[in-house]
Structures are given as structure tokens and as C-alpha cells.
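Thank you all for coming. I would like to take a few minutes to walk through one structure with you, and I will try to keep to what can be read from its coordinates.

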Amino acid sequence: MAHKPANVTGEANLGRGNISIERVSKIYEPFGARVSAVDNCSLSIDAGQFVAIVGPSGCGKTTLLNAIAGFDTITSGAILLDGEVISAQRKQIRPGPDRVVVFQNGALFPWKTMMANIVYGPIKQKKMARREAEKIAIALLKKVGLEGIQDKYPGEVSSGMQRRVEILRALINQPTVMLLDEPFRALDAVAKSVMHRFLLDLFDDSPRTTIFITHDLEEAIFLADKVIVMTTRPARVKVVHEIELPRPRTRAIIGSEHFMRTKRSLLDVVHEEALKAFQSGEREMA
Amino acid sequence: MSVNALKLRGSNVGGKISSYVRGALSVKTLEGIVSLVAFVALWQAAVSLRIPYISNLPFPGQVWNSLGEAAGTSGYWLSWVASLKRILISFIIAQVVGVPLGLFMGMSKPFRQLIFPVFEIVRPIPPIAWIPLAILFWPTEELSIYALTFIGPFFVIVLNVMQGVASIDQSFKRAALSLGAKPSDIFWKIMLPGALPSILTGMTVGIGVAWNVLIAAEMIAGRNGLGRMTWEAYTNGNIPLIIVGMISIGVAGYLCSSLVRLIGENCMPWQRRF
């Protein structure tokens, strides 16, 4: 291949993307009432690791992700990226292309074509000339079998395609960390499995630190190196489970003994928290 | 015809789209002709059958002749020019003032809280109720008409834009920042395109309101224009000419709405509506 997109999306970041979350708490005070969203949460994520965070809806997973992304502040504790504090009580690094987020409901700009969406980052950051960025975008689209859609608007394609383009739009920036906030939540089971393949292929191609928020345990085990189960609100780390399934992963491993065993053991933990969330009036998780 | 030509030229985004426009237009044109012919036939029948009250109307043919006569005079066309000029200028000023105000009110909560209470008290006052004050306040009748035609669409525009901005998904803003946009890019590159659909809705509704107010203002305070022409036809007891005036206003309003739609479709190729 003349222009290998793998070079575009990775390698430069090798060894980067160590995240350390140290005793992070977040208290919201809407209308004077104190709501604790995250409570004394500590985690460490190694460079190039794919981590899935599982927990009941509304438990504070997204709050944690927003703090890493720079959308939200934390009340106490610290978040470090490669040794540098990016979020602490009086410090909040602005959002940036080293920590690109893919959103729950999709956030492709509906007024831009797919091409304009994908090249938005590199052009905004003045990292590439438009022509160069477009060449890479075409290569990326081709690589994932979406060639020919570059002139379409997001509203003209399926939500699965939108989601894939959104992930490409993030990847073209070569982020140190990919932050995925329940990106496949709105998709049906078939589209979801296509998305898993897509995401895994990209990850195997150029592993980078990925934080994937979900409430689908099976998805978490299938994709991640490490599954973190959070408690119901306020979010604390309940269980950290290393997944020892080999990569590259295929759907065949879902039936494997190891997968089943992992799922069974984690299911009880997740269920326990879901039950607590349910009883305390939160929305139930799947 | 020139509107169609504009429409096709404007949408050279792809041959597929322009052929779709042509397709949609031809269906529209056919249906439009059928509906117009049926309406005139009903009118003719209602007058011929001497249906009470309606039979006081002139026949379509009489109106047609009256239109022919009027079209031969420069006064008729000057009325068009006068009304269109007022609409155009007032409406553009309403956009220029209303859109930024709506954007700021949508984006900034303190600003909204500062402006909104007064806004909400003034807004329900029908534009026509401004006529006495406008006539007293402005030095010339012409200026009072401009002011009234401005007020009509102004509130509609501000309100639509404000709500449009408030309903823009927060993720767009965050996505842009996360992809390296500067906070100063957010207004022009995210809020403005995000609010465009609501700006267009405000324009579409606003242009209708502008015509409403303009005609009333012309009838009361104007020296010329389509509204004045219709009013004078009434004072002269020329019923066919009254109807010519009404139809002219209708056509003028239709042309303005089409223009607004055309602008909208060209500003927002991602949201083509037919």
C-alpha cells in the first residue's frame, strides 16, 4: 500500500498514554444539594491498554471520563497522564486532541460532510494541509471499507456508519488516549458486533490507551484487557479484572471456557450493583 | 421561472440532487396547476349559483380584466416596488439585529436572564398595536412603516434562534474542543451552523408576519404600496381591484417565502427539504 494508514494512526504514541487516577472525588452541587458522583476513585491504566469501565447507568462513569477529557473538573484527587497532572482540584487542562472523545449519541457535525468531519481535527490544529489530511482520510475510509461515503452528510448514512466515521475522526489525530463513552449504546446487536470487529481491528493495528465506557458486560470482556466494575453512585472502583484472552480476538472466544468463566464471575458483581442502583431509584442497567 | 432557474443553479452540489429538485418541482407544478384551476372553477360556480354573500363577489373573469388594466398602469407596479422595498429592508434589519441577539441569549444564561423578562412582556403585544405609537414616534410615515415591519418578524426570529442555540447538543461543542478547536471557534463554527435550521424557521415564519404587519401599516399609514392600493380600491368601491390587490399581496408573500426557502436550502445542503 502506498500510504499505510497504520502509520497515521499510531506508533508515534508507543509507550505513551499511562493514566493514573488518584483518589478522585467529584461532588456536584446543583441547587445547593450536594450530590457525590465519584467517591475516592483510584485506578491505573497502562499505556496501550484497552480498559472497559462497567457500571449502572448514571453511576458517575461519564463524570470520570469527562474529567479525563477536560470537560469537567474534579473536587479532589488528581488525574495524571504520563506523569503530568491533567486534572486536580485547582487545575484542569483544557480538552485537546491528545484525549479525543467519542460520544454516546454521536457528535459528527451534521452540517459537514464525512470528509470535512474527519479532517476537522488535523486542520484545526494546523497539523496537516487540507490535501494531505484528505488523502489520509480517504486511506482510512478505504481501510475500513467505507470508501465512497466521503461526500455524504452524516444524516444520509446509517448510525453504524456514522459511529465508525466518528471513530476515524478521532483516530486521525493520533490521540494518546481514546475515550469512548458508550459509543455503541444506540445500536442493535448486529450493528454492534460489526462495530466491535471494527474497533478491535483498529486497536490491533495500533494499540493505544483506550477507555471504553459501557454497561454491557459481554462487550466489555470481549474488547478489553481490563474490566473495571464501578459501584452505583457515588462511583467507586468495585472490581478490577484482568482479561487474559489473546489478541487478535474473534467472536469465537465468546463461547470459550475462559470467557464464560469471567462473565459468570463478573456478572454477580455487576448484578449486585445494578440491584442497589435499582433499589435506590436509579435507572436500571441492562 | 427565474425562481426555478435559481433553484437549479444553486444546487449544483450534485447532479443527483438537482435532478431530484427538478423531479420534485414538476410534481409540485402539476399539483399546483390542478389546485389553482379547481379554486377558480369553484369561485366561478359559487358566484354563478348565487350562493348568498359569495354572490356579491365579482366573477374571476372580471378580476382578471381588472388585473390586466392595473398591470398596464405604472401605479400598480410602483405599489409592488414600494411594498417589496419595505419588506426587504425591514426584514434584513430584523435578521441582522435579531439573529445575533438570539444567539447571545441562547449561549449566555446571564444575558438571557437579563433580557428575557422585558422581551417576554413586549413580545405578546401584536405588532399592529404598535401602529399608533409608531406613527407618533417616527418623523415620517415611511419610517413608521419600516419600524412596524421590523417589529413583526423581530421577536419571532430572536425566539427561534435562542431556542435553536439552547437545543444544540452539548456534544458538538465538546467534540470540537476535543478535536483541537479553540473556544473562540465555538461561536462561529459550532453554534452558528448548529442554529442555522432554527434561524431558517425564524425567517420562514418571520417573513409571513412581516407581510401581515406591512399591509396593515400601509392601509393605515401608507401613501403607497400594495396594502394602500387595496385600501384605496375599497374606498373607491372597486371590488375587482380589491381582489387584485389581495391576490397581488398573496403572490408577493409567496415569492418572498420561496426566496427564504431557497436561501435556506442553499445554506444548509445537509438538510434539504422539498
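I will begin with the sheets of chain A, then turn to a pair of its helices, and finish with chain B and the contact between the chains.

Please keep in mind throughout that this is a predicted model.

Let me start with the mixed sheet in chain A, where six strands form an open sheet in the order 7-8-9-3-10-11. Strand 7, residues 99–102, and strand 11, residues 237–242, stand at the edges with a single partner strand each, so one side of each has no neighbour in the sheet. From one strand to the next, the twist averages 15°.

If we go through the pairings from the strand 7 edge, strand 7 and strand 8 of chain A pair in the parallel sense over four bridges, and Arg99(A) has Val177(A) of strand 8 as its bridge partner. Strand 8 in turn pairs with strand 9 of chain A, again in the parallel sense, over five bridges, with Leu179(A) partnered by Ile211(A) of strand 9. Further along, strand 3, residues 50–54, and strand 10, residues 226–230, of chain A are also parallel and share four bridges, and here the bridge partner of Ala52(A) is Val227(A) in strand 10.

I would like to stay with strand 8 of chain A for a moment: how many of its five residues are buried? Five of the five are, so strand 8 is largely enclosed by the rest of the structure. Both of its faces are covered, with Val177(A), Leu179(A) and Asp181(A) buried on one side, and Met178(A) and Leu180(A) buried on the other.

Now to the other sheet of chain A, in which five strands form an open, antiparallel arrangement in the order 2-1-4-5-6. Its edges are strand 2, residues 35–45, and strand 6, residues 91–92, and each of these has a single partner strand, so one side of each is left without a neighbour in the sheet. At the strand 6 edge, strand 5, residues 84–88, is joined to strand 6 of chain A by two bridges, the two strands running antiparallel, and Lys91(A) in strand 6 is the bridge partner of Ala88(A).

Helix 2 of chain A, residues 61–69, packs on this sheet, where it touches strand 1, strand 2, strand 4 and strand 5, and its direction makes about 115° with that of strand 1. Helix 2 of chain A also lies across strands of the mixed sheet, namely strand 3, strand 7, strand 8, strand 9 and strand 10, and runs at about 150° to strand 8.

Let me turn to the helix pair in chain A. The axes of helix 3, residues 114–124, and helix 5, residues 159–171, come within 7 Å and cross at roughly 30°, and the two helices are therefore roughly parallel to each other. The crossing of helix 3 and helix 5 of chain A is right-handed. On the helix 3 side the contact is made by Met114(A), Asn117(A), Ile118(A), Tyr120(A) and Gly121(A), while helix 5 contributes Val165(A), Leu168(A) and Arg169(A). Sorted by class, the residues of this contact are five nonpolar, two polar and one charged.

What about chain B, then? Chain B has eleven helices and zero strands. Of its 274 residues, 34% count as buried, and among the contacts in chain B between residues at least 6 apart in sequence, 72% join residues at least 24 apart.

One residue in chain B can serve as an example, namely Gly253(B), which is found in helix 11, residues 239–267. Gly253(B) counts as buried because there are 20 C-beta neighbours inside 10 Å. Leaving aside neighbours within four places in sequence, Gly253(B) is in contact with Gly208(B) and Trp211(B), and the C-alpha atoms of Gly253(B) and Val209(B), which are 44 residues apart in sequence, are 10.0 Å apart in space.

Finally, the two chains meet where 14 residues of chain B are in contact with 21 residues of chain A. On the chain B side, helix 8, residues 170–178, and helix 9, residues 185–221, are the elements that give two or more residues, and helix 8 of chain B provides the largest share, six residues. By class, the chain B residues that touch chain A divide into nine nonpolar, three polar and two charged.

Notes:
Residues numbered from 1 in each chain as written. Chains lettered and ligands numbered in written order. Predicted model: local features only at pLDDT ≥ 70, side-chain atom pairs only at ≥ 80, totals over all residues. Axes fitted to C-alpha atoms, helices over the stretch in contact; angles between N-to-C directions. Parallel < 35°, antiparallel > 145°, perpendicular 65-115°, else oblique. Left-handed = near helix turned anticlockwise from the far one by under 90°. Contact = placed C-beta atoms within 7 Å. Nonpolar A, V, L, I, M, F, W, Y, C, P; charged D, E, K, R; others polar. Pairing = 2+ DSSP bridges. Buried ≥ 20, exposed ≤ 12 C-beta atoms within 10 Å, placed from the backbone.
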